[in-house]
Amino acid sequence: MRILLAEDEEQLARVLKLAMEKAGYTVDQVADGQSAVDLAKENAYDVMILDIMMPVKTGLEALKEIRASGDRTHVMMLTAMAEVDDKVTGLDAGADDYMTKPFSLKELLARLRSLERRNDELDKDILQFGDLTVDTNEQTLVSNNSISLTSKEARLLQYMILNANKDLSVDDLLNHTWDDDDESADPDDVWFTVSYLRRKLESVGSNVVINGEKDGPFKITE
Amino acid sequence: MNIYGNYEQSLHKVMDQLLHNIQELNEDEVNHHHPKLYEHLISRVKTPASMTEKCQRKGYPVTTESALRNCKDAIGVRIVCNFIDDIDRCLTLLRQSDWCDIVKEKDYITNAKPNGYRSYHVILNVTTPYKDVDGNVPGHYYAEIQLRTIAMDSWASLEHEMKYKHHIKNPERIGKELKRCADQLASCDVQMQTIRQLINEHD
């Protein structure tokens with residue numbers, strides 16, 4: 001993972017950089033908010049660790065600017081301020097995680113490892129269920145035969161498989177498959193997508209079925 | 001005299017009769033207010049040269065007997081349909097027809113070939129007023145029917161084009177793209193079929 005570290009306390013910055021590099025990460029370190037914004041524009045990071053109290057621009061200001069540019073990188077805030085309000089402000093400004101100084105190096109590294117595991121899991125594009133293989137990267141459904149999936153079909157199917165044999169309501173499926181930016185999505189979208197998936201399961205000759213009437217709930221079973 | 005001997009003319013007549021019979025099946029459907037069975041039909045009698053080549057390739061003696069009995073695709077008809085379900089309707093009607101028997105069916109739609117080819121192949125034994133190679137009247141002639149959707153047909157044309165170009169730089173890569181394309185077309189076919197079904201449910 002490539003990490004951007006913005007921390008103006010020289011001593012602490014050096015220790016953090018060293019520890020993270022020793023754990024195998026690549027670390028770019030800066031000492032003020034503006035430099036963090038500049039580097040975030042230039043490079044692709046997996047994680048950004050921003051101190052709140054920094055010269056030129058605070059970590060919060062930098063964070064807001066980074067988010068405003070459309071950057072969705074995982075951001076962890078570091079601060080001496082332990083007030084609940086500060087945490088809330090940071091998280092609301094777009095931070096994903098928060099650590100209060102003094103913190104243990106061990107904990108920081110554990111959090112990075114947890115994040116790495118999660119990213120790896122999301123990258124695992126191939127899902128097996130019964131006689132089915134779903135490749136969400138290639139967007140194909142394979143059993144006896146193969147067929148392409150649209151991005152919505154792939155996401156819906158993935159969510160259903162990860163929650164196989166459970167009753168899933170239309171709302172549930174809508175919330176997990178359609179993004180917030182797709183405001184116009186409605187229960188009919190779920191119904192059409194389920195209908196397409198059913199025909200596709202049939203056409204690849206799979207034994208997997210999606211049960212449920214038009215108003216849900218739906219359940220995928222072998 | 002070519003490999004078809006005295007039967008070349010009959011082959012053309014049998015093909016015309018076969019086309020006529022299939023057109024009649026379609027007219028019946030339309031008269032019953034059902035959607036048309038297919039979008040279009042094409043047909044051919046295999047040229048004597050390629051039939052001779054086929055017999056040699058298969059190790060059959062180059063005789064009229066081989067061309068009309070061992071090989072069953074001297075007459076070929078392709079039924080190109082709008083939707084997947086139309087293929088099933090055609091098959092049902094062919095199975096019920098009294099002027100032919102189905103000798104063999106190969107379902108490359110449920111079991112697409114590894115390169116992505118999809119189509120449904122049927123060998124018919126057609127009863128005709130013409131004398132056949134065994135000297136029987138009414139005579140029996142074989143014909144191969146290929147049923148596919150317009151999308152499958154376009155794909156097959158593209159694949160055919162590639163097969164006959166020998167200087168393609170990266171055939172594996174093109175093959176992979178063709179396979180992906182076949183899966184996408186199959187996806188569209190299924191999607192259109194589903195929409196059609198959903199529309200009809202509301203009737």
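Which residues of chain B does UniProt give as "domain: RelA/SpoT"? I looked this up before anything else. The UniProt record, an unreviewed entry, puts the feature at residues 43-170 of chain B. I note here that the model is predicted.

**Entry: the annotated stretch**

I checked the secondary structure over that range. Residues 43-170 of chain B are 35% helix and 30% strand. The C-alpha atoms at the two ends of the stretch are 33 Å apart.

**Entry: domains of chain B**

I then looked at the domain assignment. Chain B splits into domain 1, residues 5-150, and domain 2, residues 156-201. I read 24 Å between the C-alpha centres of these two domains.

Next I went through the contacts between them. Twelve residues of domain 1 of chain B touch eleven residues of domain 2 of chain B. About 980 Å² is buried between the two domains, and carbon and sulfur atoms give 52% of that area.

I looked for charged pairs as well. Two salt bridges cross from domain 1 of chain B to domain 2 of chain B. I found a salt bridge between the side chains of Asp86(B) and Arg196(B), at 3.1 Å from N to O. Five residue pairs are in polar contact across this domain interface, counting pairs with both residues at pLDDT 80 or more.

Which elements does domain 1 of chain B bring to this interface, with at least two residues each? I find helix H4 (84-96) and strand E5 (139-149) of chain B. H4(B) has the largest share on the domain 1 side, with three residues. By class, that side of domain 1 of chain B holds five nonpolar, three polar and four charged residues.

**Entry: chain A against chain B**

I moved on to the chain interface. Here 14 residues of chain A are in contact with 19 residues of chain B. The buried area is about 1,400 Å², with 49% from carbon and sulfur atoms. Which three residues of chain A supply more of its buried area than any other three? They are Asn145(A), Tyr196(A) and Arg199(A), which together supply 39% of the area that chain A buries against chain B.

I searched this interface for salt bridges too. The rule gives two between chain A and chain B. I located a salt bridge between the side chains of Arg199(A) and Asp85(B), with 3.4 Å from N to O. I also counted polar contacts, and 13 residue pairs with both members at pLDDT 80 or more make them between the chains.

I sorted the chain A side by element. Strand E9 (146-148) and helix H8 (187-203) of chain A each supply at least two residues to the side that touches chain B. H8(A) gives the largest share, seven residues. The chain A side has four nonpolar, seven polar and three charged residues.

**Entry: domains of chain A**

I looked up the domain bounds here as well. Domain 1 of chain A covers residues 2-119, and domain 2 of chain A covers 126-221. Their C-alpha centres lie 37 Å apart.

**Entry: Asn43(A)**

My last stop was a loop residue. Where does Asn43(A) lie? I place Asn43(A) in the loop between helix H2 (33-42) and strand E3 (47-51) of chain A. Its side chain makes a polar contact of 3.0 Å with the side chain of Tyr45(A). I then set aside neighbours within four places in sequence. Asn43(A) is then in contact with Arg2(A) and Asp28(A).

Definitions and conventions:
Residues numbered from 1 in each chain as written. Chains lettered and ligands numbered in written order. Predicted model: local features only at pLDDT ≥ 70, side-chain atom pairs only at ≥ 80, totals over all residues. Heavy atoms only, no water. Contact = heavy atoms within 4.5 Å. Buried area = accessible area lost by both parts, 1.4 Å probe. Salt bridge = Lys/Arg side-chain N within 4 Å of Asp/Glu carboxyl O. Polar contact = N/O pair within 3.5 Å; in protein donor to acceptor, adjacent residues only side chain to side chain. Helix = DSSP H or I, 4+ residues; strand = E, 2+ residues; numbered from the N terminus. Nonpolar A, V, L, I, M, F, W, Y, C, P; charged D, E, K, R; others polar. UniProt positions renumbered as here; feature names shortened; annotations may be inferred. Domains from an automatic or database assignment.
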